[in-house]
Amino acid sequence: MKQTYLESELFCIQCLDHTVHKITYVNNQITKVECEECHNILEIRVDIMNELFKESYNRVATKPSRVTKEYREDLSHFLFSLPIRVMTKPYRVAKDIKGARKIIKDYKQQ
Ligand SMILES: [Zn+2]
């Protein structure tokens, strides 16, 4: 789960002019557009927990088929590489959840 920002010139309905807007994305979905002049915020409601669930689910769901495919292709290579995969996988997921927690916290403050 990642949050990114983009600055773009858009027409602000409060300033009645083209101003710089800060656009916030969560997983490539626009969640917030803020005018840098008057700080008028246009929020797009996204289900943040659903986004997180979808992401975690996809990651877990795609794993068994990948393992099976590798297992069929080369048994000895699979067995040799397995402990490294088991070690690296939970680390990557934990890192993502930590990032998501911060994003959820940011959303609760608004
Ligand atoms: Zn404005």
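The following exchange goes through the zinc site, two buried threonines and some loop residues of a predicted model.

User: What makes the site of the zinc ion tetrahedral?

Analyst: Four donors count as tetrahedral if all angles lie between 85 and 135 degrees, and the angles among the four donor atoms here are 106 to 113°, so the site meets that criterion.

User: How do you know which protein atoms are the donors of the zinc ion?

Analyst: The SG atoms of C12, C15, C35 and C38 lie 2.2 to 2.4 Å from the zinc ion, and because the cut-off for a sulfur donor to this metal is 2.8 Å, these atoms are counted as donors. Along the chain, the donors follow the spacing C-x2-C-x19-C-x2-C.

User: Why is C12 called buried, and why is C15 called partly exposed?

Analyst: C12 has a relative accessible area of 2%, which is under the 20% limit, so C12 is buried. C15 has a relative accessible area of 29%, and because this value lies between 20% and 50%, C15 is partly exposed.

User: Why does T19 count as buried, and what is T19 in contact with?

Analyst: T19, which lies in strand β2, has a relative accessibility of 7%, and because buried means under 20%, T19 counts as buried. Leaving aside neighbours within four places in sequence, T19 is in contact with S8, E9, L10, C12, C35 and E37, and among these C12 and C35 are also donors of the zinc ion.

User: Why does T24 count as buried, and which residues does T24 touch?

Analyst: T24 also lies in strand β2, and its relative accessibility of 5% is under 20%, so T24 counts as buried. Not counting residues up to four places away in sequence, T24 touches Q3, T4, Y5, Q29, I30, T31 and K32.

User: Why are I13 and L16 called exposed?

Analyst: Exposed means over 50%, so I13, with a relative accessible area of 69%, is exposed, and L16, at 63%, counts as exposed by that cut-off. I13 is found in the loop between β1 (3–12) and β2 (17–26), as is L16. With F11, these two residues form a nonpolar patch on the surface, with about 370 Å² of accessible area together.

User: What is said of phi in L16 and H39, and why is H39 called partly exposed?

Analyst: L16 has a positive phi of about 50° although it is not a glycine, and H39, another residue other than glycine, has a positive phi near 60°. H39 lies in the loop between β3 (29–35) and β4 (41–43), and because its relative accessible area of 46% falls between 20% and 50%, H39 is partly exposed.

Note on methods: Residues numbered from 1 in each chain as written. Predicted model: local features only at pLDDT ≥ 70, side-chain atom pairs only at ≥ 80, totals over all residues. Heavy atoms only, no water. Patch = residues over 30% accessible without salt bridge, like charges linked within 9 Å, V, L, I, M, F, W, Y side chains within 5 Å. Areas by Shrake-Rupley, 256 points an atom, 1.4 Å probe, with all protein chains shown as cover. Salt bridge = Lys/Arg side-chain N within 4 Å of Asp/Glu carboxyl O. Helix = DSSP H or I, 4+ residues; strand = E, 2+ residues; numbered from the N terminus. Buried < 20%, exposed > 50% of the residue type's maximum accessible area, 1.4 Å probe, protein only. Contact = heavy atoms within 4.5 Å. Donors = N, O, S within 2.8 Å, 3.2 Å for Na, K, Ca; no water. Tetrahedral: all angles 85-135°; square planar, octahedral: opposite > 155°, others 65-115°.
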